[in-house]
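I am opening a notebook on a structure that is new to me. The entries below follow the order in which I looked things up.

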Amino acid sequence: MNSVNIPQLGQIVRIVRGKDSGKYAVIISVEDQRFVWIADGDKRKFDHPKKKNLSHLELLQMVSSEVVDSLFESGRVTNGKLRFALFKYVDQMESEAQEKGE
């Protein structure tokens with residue numbers, strides 16, 4: 001198993017199965033080798049995360065250091081910080097797509 005397939009706290013994921021398919025979220029807890037808890041700070045708040053099977057998620061390269069730091073310091077993260085991390089990632093992806101002329 002390579003490091004891309006190992007979920008990390010604060011990692012950005014794209015949901016590929018279920019009603020939220022195509023949306024992005026952040027891993028806020030790792031249950032075991034098959035399941036993680038995700039939240040997006042918007043529809044899925046930190047206090048009510050969604051348990052997802054890893055096979056229903058696409059693990060992306062980006063890990064939000066702000067989310068990781070907050071989870072280690074206080075054991076929780078604000079919904080605003082989750083939204084910010086996702087916005088930053090999507091914004092970065094759009095910028096890269098424009099630079100490549102897509």
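**Entry 1: Gln 11.** I began with Gln 11, which sits in strand β1, a run covering residues 11-15. I am working from a predicted model, so I keep that in mind for every value here. Is Gln 11 buried or exposed? Gln 11 is buried, because its relative accessible area is 4% and the cut-off for buried is under 20%. I then looked for a partner of its side chain. A polar atom of the Gln 11 side chain lies 3.0 Å from the backbone nitrogen of Gln 8.

**Entry 2: the annotated stretch.** I checked the record next. UniProt, in an unreviewed entry, lists residues 6-33 as "domain: KOW". How much of residues 6-33 is helix, and how much is strand? I found 0% helix and 43% strand over this stretch. The C-alpha atoms at its two ends are 8 Å apart.

**Entry 3: Pro 7.** I looked up Pro 7, which is in the segment before β1. Pro 7 counts as buried because its relative accessibility is 14%, with the limit at under 20%. I also took a distance from Pro 7 to Lys 19, which is 12 residues away along the chain. Their C-alpha atoms are separated by 21 Å.

**Entry 4: the largest pocket.** I asked which residues line the largest pocket. The lining includes Ile 15, Lys 19, Asp 20, Lys 23, Tyr 24 and Ala 25. Also among the lining residues are Ile 38, Ala 39, Asp 40, Lys 43, Arg 44 and Lys 50. Two elements, β2 (24-30) and β3 (35-39), give two or more residues each to this lining. I noted the volume as about 160 Å³. By class, I recorded seven charged residues, five nonpolar ones and no polar ones in the lining.

**Entry 5: the nonpolar core.** I turned to the largest nonpolar core, which has 14 residues. Which members touch the most others? They are Ile 12, Val 26, Ile 28, Phe 46, Val 67, Val 77 and Leu 82. At least two residues of this core come from each of β2, β5 (57-63), α1 (65-74) and α2. Helix α2 gives the most, with four residues. I add a general remark: in soluble globular proteins, nonpolar side chains tend to be buried together.

**Entry 6: Ser 64.** Where is Ser 64? I found Ser 64 in the loop between β5 and α1. Ser 64 counts as buried because its relative accessibility is 1%. Its side chain makes a polar contact with the side chain of Glu 66, at 3.2 Å.

**Entry 7: Phe 84.** My last lookup was Phe 84, in helix α2, which spans residues 79-99. Phe 84 counts as partly exposed because its relative accessibility is 43%, and that class runs between the 20% and 50% limits. Phe 84 and Gly 41 are 43 residues apart along the chain. The C-alpha atoms of Phe 84 and Gly 41 are separated by 8.8 Å.

Definitions and conventions: Residues are numbered from 1 along each chain as its sequence is written. This is a predicted model: local features need pLDDT of at least 70, side-chain atom pairs count only at pLDDT 80 or more; totals for chains, interfaces and linings use all residues. Side-chain values use heavy atoms; hydrogens and water are left out. UniProt positions are given in the numbering used here, feature names are shortened, and annotations may be inferred rather than shown by experiment. Buried means under 20% relative accessible area, exposed over 50%, partly exposed in between (1.4 Å probe, protein chains only). A polar contact is a pair of N or O atoms within 3.5 Å; within protein, one must be able to donate a hydrogen and the other to accept it, and residues adjacent in sequence count only if both atoms are side-chain atoms. On a 1 Å grid over the protein atoms alone, a cavity is a set of points where a 1.4 Å probe fits but cannot get out, and a pocket is an open set with protein on both sides within 12 Å along at least five of seven lines; lining residues have an atom within 4 Å of a point. Grid points are joined across faces, edges and corners, and a volume is the space filled by probe spheres set on the points. Ala, Val, Leu, Ile, Met, Phe, Trp, Tyr, Cys and Pro count as nonpolar, Asp, Glu, Lys and Arg as charged, and the others, Gly among them, as polar. A nonpolar core is a set of buried Ala, Val, Leu, Ile, Met, Phe, Trp, Tyr and Cys residues joined through side-chain atoms within 4.5 Å.
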